[in-house]
Amino acid sequence: MNAIVLVDENWGIGIGGAQMKFNKEDLRNFNRVTTGNTVVMGYTTFVSLPKGPLKERRNVVFYDKDEPIEGVDVVSSLAQFMDMRDELGQIFVCGGQSIYNLLLPYCKYAYVTKIDGEYEVDTYFPDLDERPCWQCVEVQDGKFGQGTSYCTYENICLVE
Ligand SMILES: NC(=O)c1ccc[n+]([C@@H]2O[C@H](COP(=O)([O-])OP(=O)(O)OC[C@H]3O[C@@H](n4cnc5c(N)ncnc54)[C@H](OP(=O)(O)O)[C@@H]3O)[C@@H](O)[C@H]2O)c1
């Protein structure tokens, strides 16, 4: 299982239920990497998707209420998610803050696009540079255009 995210200089990820900034190249990469696989997200992130479930991907949504949602697999606890994990193939954790916090300890890699600037945000991804378990193993400046950088972080504490 891996995480994928776009952060600003302060590891901010969103505001008011929406992503604070989009980058076309990053979005194209997100679709390329996740298509054919499973995406996992929280309900707030799910309802922010403009066209509903992400197509050509299995969508798993964390949702507290005991109600089905068309086109997605709903899970209401970490235990329930872990029970179905083996049948999900390659899994990408796609946010938001609560789900990154919940599932990051189980992720092997985090694919982090960084955009220059400090945006107004109310949600964050954990600052991996401050976490000894996470090491930046591949850096690419300008990977998604001017004002962006990219890093693959590896979780060296992961027990598989
Ligand atoms: N920059 C990026 O790459 C990126 C990517 C994704 C999201 N985001 C941003 O992140 C922000 C959303 O983050 P968020 O933390 O507020 O919301 P979230 O993680 O997307 O969803 C939170 C909701 O998920 C459900 N949930 C969470 N943990 C659960 C658990 N253990 N069991 C059952 N249900 C659970 C709850 O839904 P209910 O209580 O409603 O049932 C909770 O309110 C948005 O601004 C979004 O745009 C940014």
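The legends below describe several close-up views of a predicted model of a protein chain with a ligand.

**View 1. The whole protein chain, with its helices and strands.** The secondary structure of the protein chain consists of four helices and eleven strands. Along the principal axes, its C-alpha atoms fill a box of roughly 40 × 35 × 30 Å. For 160 residues, a compact globule would have a radius of gyration near 15 Å, and the value of 15 Å found for the protein chain agrees with this. Of the 160 residues, 31% count as buried. When contacts with a separation of 6 or more are considered, 64% of them in the protein chain join residues that are 24 or more positions apart.

**View 2. The open sheet of strands β3, β2 and β9.** Three strands form this open sheet, in the order β3-β2-β9, and their pairing is antiparallel. The edge strands are β3 and β9, each of which pairs on one side only. As background, the strands of a sheet pair through backbone hydrogen bonds, and the pairing may be either parallel or antiparallel. Strand β2, residues 12-15, is joined to strand β9, residues 123-124, by two bridges, and within this pairing glycine 12 has tyrosine 124 of β9 as its bridge partner. Two bridges also link β2 to strand β3, residues 18-19, in the antiparallel sense, with alanine 18 of β3 as the bridge partner of isoleucine 15. The hairpin of β2 and β3 has two residues between the strands, and glycine 16 takes a positive phi near 60 degrees there.

**View 3. The shell of residues around the ligand.** There are 29 residues around the ligand, and those that come nearest are Gly14, Gly42, Asp64, Gly95 and Gly96. Which element gives the most to this shell? Helix α4 does, with four residues. At least two residues of the shell are supplied by each of β1, β2, β3, β4, α2 and α4. By chemical type, the residues of the shell divide into 13 nonpolar, 14 polar and two charged.

**View 4. The cis peptide bond between glycine 95 and glycine 96.** Here the peptide bond that joins glycine 95 and glycine 96 is cis, with an omega of about 0 degrees. Most peptide bonds, by contrast, are trans. Glycine 96 has its place in the loop between β7, residues 91-93, and α4. Both Gly95 and Gly96 are among the residues that come nearest to the ligand.

**View 5. Tryptophan 11 and glutamate 56, each with a positive phi.** Most residues other than glycine have a negative phi, which is the background for this view. Tryptophan 11, in the loop between β1 and β2, has a phi near 70 degrees, a positive value in a residue other than glycine. Glutamate 56, in the loop between α2 and β5, has a positive phi of about 60 degrees. Are these residues buried, partly exposed or exposed? Tryptophan 11 counts as partly exposed, because it has 18 C-beta neighbours inside 10 Å, whereas glutamate 56 is exposed, with 10 other C-beta atoms within 10 Å.

**View 6. Helix α1 and its buried and exposed residues.** In helix α1, residues 24-34, the buried residues are Asp26, Phe30 and Thr34. Seen down the axis of α1, these buried residues fall within an arc of 55 degrees, so they line one face of the helix. The general rule behind such a pattern is that an α-helix has 3.6 residues a turn, so residues three or four places apart point the same way. On the other side of α1, Lys24, Glu25, Arg28 and Arg32 are exposed. The buried residues of α1 are covered by elements that include β1, β4, β7 and β8. Just after α1, glycine 36 takes a positive phi of about 90 degrees.

**View 7. Leucine 104, in the loop between α4 and β8.** Leucine 104 counts as buried because it has 20 C-beta neighbours inside 10 Å, and 20 or more is what a buried residue needs. What does leucine 104 touch, when residues up to four places away in sequence are not counted? It touches Ala3 and Pro126. Leucine 104 and glutamate 154 are 50 residues apart in sequence, and their C-alpha atoms are 11 Å apart in space.

Conventions:
Residues are numbered from 1 along each chain as its sequence is written. This is a predicted model: local features need pLDDT of at least 70, side-chain atom pairs count only at pLDDT 80 or more; totals for chains, interfaces and linings use all residues. Two strands pair if DSSP finds at least two bridges between them. A residue is near a molecule or strand if its C-beta atom, placed from the backbone, lies within 6 Å of it. Ala, Val, Leu, Ile, Met, Phe, Trp, Tyr, Cys and Pro count as nonpolar, Asp, Glu, Lys and Arg as charged, and the others, Gly among them, as polar. The radius of gyration is taken over C-alpha atoms; the globule rule is 2.2 Å times the number of residues to the power 0.38. A residue is buried if 20 or more other C-beta atoms lie within 10 Å of its own, exposed if 12 or fewer, and partly exposed in between; C-beta atoms are placed from the backbone. Two residues are in contact if their C-beta atoms, placed from the backbone, lie within 7 Å. The arc is that of the directions from the helix axis to the C-beta atoms.
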